[in-house]
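Open the model in your viewer and keep the selection panel at hand. The stops below are in walking order.

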Amino acid sequence: MSDQRTIVIRYDEIGLKGRNRKYFEKTLLKNIKRSLPKDKGIEYRVPRGRIMIDLSATVADEYADRLKKIPGISSYSIGITMDPDFDEMAALGVQWIEPLMQQGKEFKFCVKTRRSAKTFPKTSPEINFEVGSRIMSQLSPKGLVVNIKESQFTLEIEIGLSGTVVFHTRETGLCGLPVGSSGNVLCLLSGGIDSPVAAYQMACRGCRVHFVFFDNQPFLGRGGYDKVLKLSKIVNGYQGRAKLFVVPFQDIQVAIRDNCREENRVVLYRRMMYRIANEIATKYEMPGLVTGESLGQVASQTLENLAAVTCVTSMNIFRPLIAMNKEGIIKLAKEIETFDVSIEPQPDCCSVFMPDSPVTRSKISILENDEEKYPGDVLKEEALRDMETINVDLL
Amino acid sequence: MIYLDNAATTPMDPEIIAWLQDSMRDQFANSGAVYGIGLDAKNKIEEATETITAALGIPSSHNLIFTSGGTESNNLFIKGLCSPDKKTAYSGLEHPSIVETLQSFKEFGNEPLSLLEFSKKGRLDLSCLPLLKEKRIRLLCLSHVNNELGTINEPVLLISRLKNDAPQTRLFLDGVQAVGKIKINKSMWSGLSGYSLSAHKFHGPKGIGLLAYDSKLTLNPQLHGGKQQFGVRAGTLPVPLIRAFAKAVELAAARQQETEKHLLKLHAYLVEGLRKLDIPVLINSLDDEFQCPSIVNFSLPPVEGEVMLHHLEKQEIYIGMGSACSAHSKEPSKILLGIGLTEEQARCSLRISFSRNNNFDEIDKFLQALKSSYQVLLSTFLKGTLDR
């Protein structure tokens, strides 16, 4: 067998794009190239509807694994590029199928061809027949049968203008759109289970997600900060090039705690978080905020309280988890490997700041009245001035 | 940096670091091997054992088992001797490695006897000992020095009273906080069934502890897979760590009197300083002859201990606490609740623990930082006084 492999990459939604298609394809190709080493032995080809990577068999599995974390890829296969020679393709099929067969047992297979090079003299069904019959002639005595509907093994052949590739497995990708194709957004990251999942969801819709964390030090220790570094690094694994903004929030919390109505505290904290996030997003040209809010999950996430925080900014606010239940969010958090970090026992808020019974239906006029009681603008500016900016790629 | 959390762990003595480094290079051979360098390693363990027994006055009636630390020593002795059905008792103020080990017997229907109601002063009131006889308790487990309060259960006194009031009850002491800080009375060994130590509490390395136990007892091993250490604890012996342990014990014992004197001065200076601070401080630890001078525990209600800790951390002053303020729950210290503190007092507690490295200047800086942080935090923690 050849010591070279070809990874065939398919994408779904990009295929639906009209005149923008090239832009999406270029973005995906750029993201793929960034995730793989700059080895001399890696060659990229972009025939219509596919991205092909030619590389050494020794690294093919390892590098292909990285494609599982790149939004925009619907599936990929590791195959072998060869001449469109029916005998050679059938020989490869036999080489793959024979070890899977058990003596005396029937084994179902089929051949599927995609022929984008219309100049090739045979049609796809004809190619299926030519290769399939050659394989059958060798393996039917051992129990091989053709069965398209219940195939245990599908030999796939893609004959395109840039070459012919033969493969037999498809790995599912993340689907969605390539990161960067939709623009930049800023996610309010708390260290809990939800916000990293929300960030991931937006990355899968083509956004490059940056993060903002509101830090409670020294009311709490550095544990929350460290946790957010870990979470942003994991989520950044799906996109790259993110920034993390760490905003010192304790003075604002103290001011709200000391001056405002106890029951309104949490909504007031969040209104300030949204305002600060809005400033950062505007400065760095990120036309959207992302939060992990899910309707009704906690007191601050009722319809009224969500409206009370939303109205402090005119920016797009994306809440991809809004209609998800906790089980679904946890399942996704486990899949993207943020869950174990999120449940590390680090408090995200000191109990001194928490009200005994938070308001569930806040009134904007009362909140505004509370906000007249402390110097919000001054404290906001100070927090922004003392903000730390971290390049997540370097973590 | 001012480090005042020496009950959590101590910085390693540079002399022991060098000693350990040399030993890691030189005594790499397996002490169970039959060739020369293996025998050399074995000899080094024997030397270390002699050093330890000499430093602590451990008689030949007791076996020494090297473990990974205090937690393992406590588990090994208690489970090895009493699991699953022997009756046990504890004061309720012990480290979780004793409390939770004893509690694990519950699944066999063997509930340990808590003597918490006799422990309100932070140490066991010996008037409860006849109860052990009545309840047929086989093993009493106590801390020699309480890890949060620094209160001492005096072994010699305990042993003589036990002999009289509950002669069938054996005594096990967790000595992790005691060694190097207070005098180890050599006459205690004859009445002690087991005693645990951990090197990192007296400037040695982490990952090495010791269990000294009465060799007449049969301990069931908790780790299987080798005949090392009387068949009680399987596993290749970490020769360099054992040598470092011995060196640390030797230094701690040699300096004990001098260290204790120094700690007593620091303790008195801190307590006086706290009282003079002009803020309402509640001293939870004691000031009598049965108080280990290395630990001072106090509360500053309503300011929560964890918040104060982090404010001091910002000034590079590191202290300990018994409780946490997280909105998502850690419960207040069971030890502090056990001696009758309210939840708020327990939540607002802090623990200062000294080593021989600390000095008065550090205490002055700590007190200054404590006062200024308290003044900053007080208004935030006061409830019901806001003008709305």
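The tour goes from overall confidence to the chain contact, then to helices and to single residues.

**Confidence**

This is a predicted model, so start by colouring it by pLDDT. The scores for the whole model are ipTM 0.78 and pTM 0.86. Chain B has a mean pLDDT of 93, with 96% of its residues at 70 or more. Now select residues 323–329 of chain B, where pLDDT stays under 50. The model nevertheless gives this stretch 24 contacts beyond four places in sequence. Next select residues 384–388 of chain B, where the pLDDT is also below 50. This second stretch has two contacts beyond near neighbours in sequence.

**Where the chains meet**

Show both chains and look at the contact between them. On chain B, 15 residues touch 15 residues of chain A. Which elements of chain B give two or more residues to this side? They are helix H9 (305–314) and helix H12 (360–381). H9(B) supplies the largest share, five residues. By type, the chain B side consists of five nonpolar, six polar and four charged residues.

**A helix pair in chain A**

Move to chain A and select helix H8 (residues 265–283) together with helix H9 (residues 303–310). Their axes come within 8 Å and cross at roughly 35 degrees. The crossing of H8(A) with H9(A) is right-handed. To see the contact, display Val267(A), Arg270(A), Arg271(A) and Tyr274(A) on H8(A), then Asn305(A), Ala308(A) and Val309(A) on H9(A). The residues of this contact are four nonpolar, one polar and two charged. As background while you turn the view, residues three or four places apart in an α-helix point the same way, because there are 3.6 residues a turn.

**A covered helix in chain B**

Return to chain B and select helix H7, residues 239–254. Is H7(B) mostly covered or mostly exposed? It is mostly covered, with 14 of its 16 residues buried. For a check with the distance tool, take the C-alpha atoms at the two ends of H7(B), which are 22 Å apart. At 1.5 Å a residue the 16 residues of H7(B) should span 22 Å, so the expected and modelled lengths agree.

**Two cis peptide bonds**

Stay on chain B and select Ser83(B) and Pro84(B), which are joined by a cis peptide bond with omega about 0 degrees. Pro84(B) sits in the loop between helix H3 (70–82) and strand E3 (88–90) of chain B. Then go to Pro301(B) and Pro302(B), where the connecting peptide bond is cis and omega is near 10 degrees. Pro302(B) lies in the loop that runs between strand E10 (295–299) and H9 of chain B.

**Two residues with positive phi**

Select His203(B), a residue other than glycine with a positive phi of about 70 degrees. Its loop lies between strand E7 (194–198) and strand E8 (209–214) of chain B. His203(B) counts as buried because it has 26 C-beta neighbours inside 10 Å, and 20 or more are needed.

End at Glu316(B), which is not a glycine either and has phi near 60 degrees. Glu316(B) is in the loop between H9 and strand E11 (317–318) of chain B. Is Glu316(B) buried or exposed? Glu316(B) is exposed, because 11 other C-beta atoms lie within 10 Å and the limit for exposed is 12 or fewer.

Technical notes. Residues are numbered from 1 along each chain as its sequence is written. Chains are lettered from A and ligands numbered from 1 in the order in which they are written. This is a predicted model: local features need pLDDT of at least 70, side-chain atom pairs count only at pLDDT 80 or more; totals for chains, interfaces and linings use all residues. pLDDT is the predictor's confidence in each residue, from 0 to 100. Two residues are in contact if their C-beta atoms, placed from the backbone, lie within 7 Å. Axes are lines fitted to C-alpha atoms, for helices over the stretch in contact, and angles run from 0 to 180 degrees between N-to-C directions. Helices (H or I, at least four residues) and strands (E, at least two) are DSSP runs, numbered from the N terminus. A crossing is left-handed if the near helix is turned anticlockwise from the far one by less than a right angle, and right-handed if clockwise. Ala, Val, Leu, Ile, Met, Phe, Trp, Tyr, Cys and Pro count as nonpolar, Asp, Glu, Lys and Arg as charged, and the others, Gly among them, as polar. The expected span of a helix is 1.5 Å times one less than its number of residues.
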